[in-house]
Amino acid sequence: MSTRTTTPSGIDRSTRLRLYRLMVELRDFEQRAYELFLENLVRGTSHLALGQEAIAAAFGVAMREDDYTFCTYRGHGHTLARGASMAGAMAELLGRANGMMHGKGGSMHLTDVTHGAMGSYAIVGAHLPIAAGAAWSAQVRRSGQVSVCFFGDGTTNIGTFHEALNLAVVWRLPIVFVCENNQYMEYTPIRSVTAVEHPAADRASAYGLEPILVDGNDADVMYDTAVKAIGQARTGKGPSLVEALTYRHGGHSRADPARYRPEAEVREWLGRDPVQRYRERLLAAGIDEGALAPIDSEAQAKVDQATEEARQGPPAALEEIEAQVWADGGSTWRN
Amino acid sequence: MAQLTFREAVAAGIAQEMERDPLVYFIGEDVAAAGGVFKATVGLLERFGPERVRDTPISEQAIVGAAMGAAMTGLRPIVEIMFSDFLATCWDMVANQVAKTRYMTGGQVSLPLVIRTANGGGTRFGAQHSQSLENWAMAVPGLKVLAPSTPADAKGLLAAAIRDPDPVLFFEQKSLYGTAGEVPDGEHLEPLGTAVIRRPGRDCTIVALAAMVPKALTAADRLSGLDIDAGVVDVRSLVPLDTRTILGEVRKTGRLFTVEENPRLCGWGAEIASIAADECFDDLDGPIVRITTPHVPLPAADVLEDAAMPSVDRIVNTVKGAMR
Ligand SMILES: Cc1ncc(C[n+]2csc(CCOP(=O)(O)OP(=O)(O)O)c2C)c(N)n1
Ligand SMILES: [Mg+2]
């Protein structure tokens, strides 16, 4: 294996190809989800992470199989990055019986516990303390597991951010908080409502943490960051707070055209597309087109296959309405 | 049988389960070193150590959220929310996260956790430290809701709640903490979803909860002097609800009264009244009567608080008036 294809920090060729493959898969999945939304097959809502793939992919590759992921409604990528079934995710978006949660959660709540994807949370900030709780459990069970919690820039202004960070530091929990600063909340720029320039990094010192501000559109940088933060958590050295700068290519949700964003800004960020950029970098590093092209077509085929399985799925079963409120599988509240 | 106070029985219930199951952990504000502001957890830190019995920052969302994350990943956490009124600061965690996550994930996660909280009035603390909030919890699918009235139930129901695979909100009425009663020796468990007939009655059935149970029992004593044989049912488990026991008594007596500490609208008694009207209308000999706190925040001054909450006098007079 050529050392030229390895980064100075030591990310080897095969890891980089895994990163690339995962990013392309997440990109293609989101693109397809958008098309299905326009076809009115995704009925409720969906929040795509087009443009933010490097963050989910890097952590997905860096995490141990039994680590925990907690993410937001913009969490298709984070869930798939743990190895969750793409068909199960697509079918869930479509409200089908073969959906990952039998159609009971929808796009905003993708969860696959068997792969450590502990849920996508749609109340801004709610999952930060929950992720801390999973880290607490890992700590006292001495399991060596790490909890990774992804959230947006807007989430740094809600109380749970403070409560979770403080608790995690006081209890020295094995957790990594990852703020994906995509510059916007729904429609409002984060800088217009935040006391500091870098909503997560500038606040790290309040918790005695080192500020970590990184390029979230650079898969190598993100991977190095993930490895370091996860390693720190796993070896008992406590939590970290990462702020990854990124940008969503599309709107906040549904068919939001995102006209509130200046054209020049959008153009500039599209020029930093993490997938395209990584492809070019790998080519420049001497990984040849022959290694990348099959990844591109395999990702497409995987998304096609998942879409087909989802489309073929029957509608969610009516028995599900009254199922799984309780651990006995039912919903009985009286005798 | 040992004579324990309600607060000692709470600690005994937690201790019983922590002894039995190493995955039971207990966290909250001032619960460890200080033994709780109501002294209901005294001795647990000494017995089980600082890893399993732990003080938290004043962070209700983090307390309940952490319990949820821990419950999802193999622990059986117990948390204390110091006053039930503070549930409002973490209601997202309780009502949106804890209650719904099993359902939304199609049953992928279990949430075996208990949220204990000091509830109710009678302490002259004013409207933000005195509410009876069982009905908030009862209104959310996915939460089990208990409110014991005796030390024996405090221990037995709490222990059963800790063993239960679903999230339980456990309301401890503040005015009961100092009351004493017999608690069975050895392992003690009381099943969720069971009401208890505290006093059988021929003429009417008074259904009460928590601190209203002793009041209803005193009222029934006085009513017997007025030739009214009133029975008292202690609901104790709102979710699941033992309608069989409650309706069984109502069918026998033909009259139903509820005694609720909560403000009027949507109190738990309204649900029981609705079920009774639906399912034993033909057995009723008169209107169902709810005795509640008026629909106001609870005032602080002793005379105001006492007059606002259902009292023995009010129960006696209301029942007597309705039974004429
Ligand atoms: C507590 C709460 N407040 C408001 C909302 C509505 N809401 C959904 S997403 C969102 C923006 C969140 O922004 P950010 O944290 O930056 O995440 P992003 O969507 O950019 O990934 C808002 C305000 C919500 N879901 N929860
Ligand atoms: Mg954002």
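The following questions and answers concern a predicted model of two protein chains, A and B.

User: On what basis are residues numbered and features accepted in this model?
Analyst: Residues are numbered from 1 along each chain as its sequence is written, and chains are lettered from A and ligands numbered from 1 in the order in which they are written. Hydrogens and water are left out of side-chain values, which use heavy atoms, while local features need pLDDT of at least 70, side-chain atom pairs count only at pLDDT 80 or more, and totals for chains, interfaces and linings use all residues.

User: What is the strand order of the open sheet in chain A, and which strands stand at the edges?
Analyst: Strands are DSSP runs of E with at least two residues, and helices are runs of H or I with at least four, both numbered from the N terminus. Two strands pair if DSSP finds at least two bridges between them. The six strands of this open sheet pair in parallel in the order 2-1-3-4-6-5. Each edge strand has a single partner, so one side of it is left without a neighbour in the sheet; these are strand 2 (117–121) and strand 5 (212–215) of chain A.

User: Which residue of strand 6 of chain A stands opposite Asn181(A)?
Analyst: Strand 4 (residues 175–181) and strand 6 (residues 240–245) of chain A are parallel and share six bridges. Within strand 6 of chain A, the residue opposite Asn181(A) is Leu245(A).

User: Is strand 4 of chain B largely enclosed or open, and how many of its residues are buried?
Analyst: A residue is buried at under 20% relative accessible area, exposed at over 50% and partly exposed in between (1.4 Å probe, protein chains only). Strand 4 (residues 76–83) of chain B is joined in parallel by five bridges to strand 2 (residues 24–28) of chain B, and by five bridges to strand 5 (residues 114–119) of chain B, also in parallel. Strand 4 of chain B is largely enclosed by the rest of the structure because its buried residues number eight of the eight.

User: How much area is buried between chain A and chain B?
Analyst: Contact means heavy atoms within 4.5 Å, and 41 residues of chain A touch 50 residues of chain B in this sense. Buried area is the accessible area (1.4 Å probe) that two parts lose on being put together, summed over both. Carbon and sulfur atoms give 62% of the area buried between the two chains, which is about 3900 Å².

User: Which residue of chain B meets Arg142(A) in a salt bridge?
Analyst: A salt bridge places a side-chain nitrogen of Lys or Arg within 4 Å of a carboxyl oxygen of Asp or Glu. Two salt bridges are counted between chain A and chain B. In one of them, at 3.2 Å from N to O, the partner of Arg142(A) is Glu51(B).

User: Where do the two residues of the salt bridge between Glu53(A) and Arg27(A) lie, and are they buried or exposed?
Analyst: The closest N and O atoms of this pair are 2.6 Å apart. The bridge links distant parts of the chain, 26 residues apart, with Glu53(A) in helix 2 (residues 53–62) and Arg27(A) in helix 1 (residues 13–38) of chain A. Glu53(A) has a relative accessible area of 2% and is buried; Arg27(A), at 10%, also counts as buried.

User: How far apart in the chain are Arg222(B) and Asp313(B)?
Analyst: Their side chains form a salt bridge at 3.0 Å, N to O. Arg222(B) is partly exposed at 40% relative accessible area, and Asp313(B) is partly exposed at 43%. Arg222(B) lies in helix 8 (residues 212–225) and Asp313(B) in helix 12 (residues 312–323) of chain B, a separation of 91 residues.
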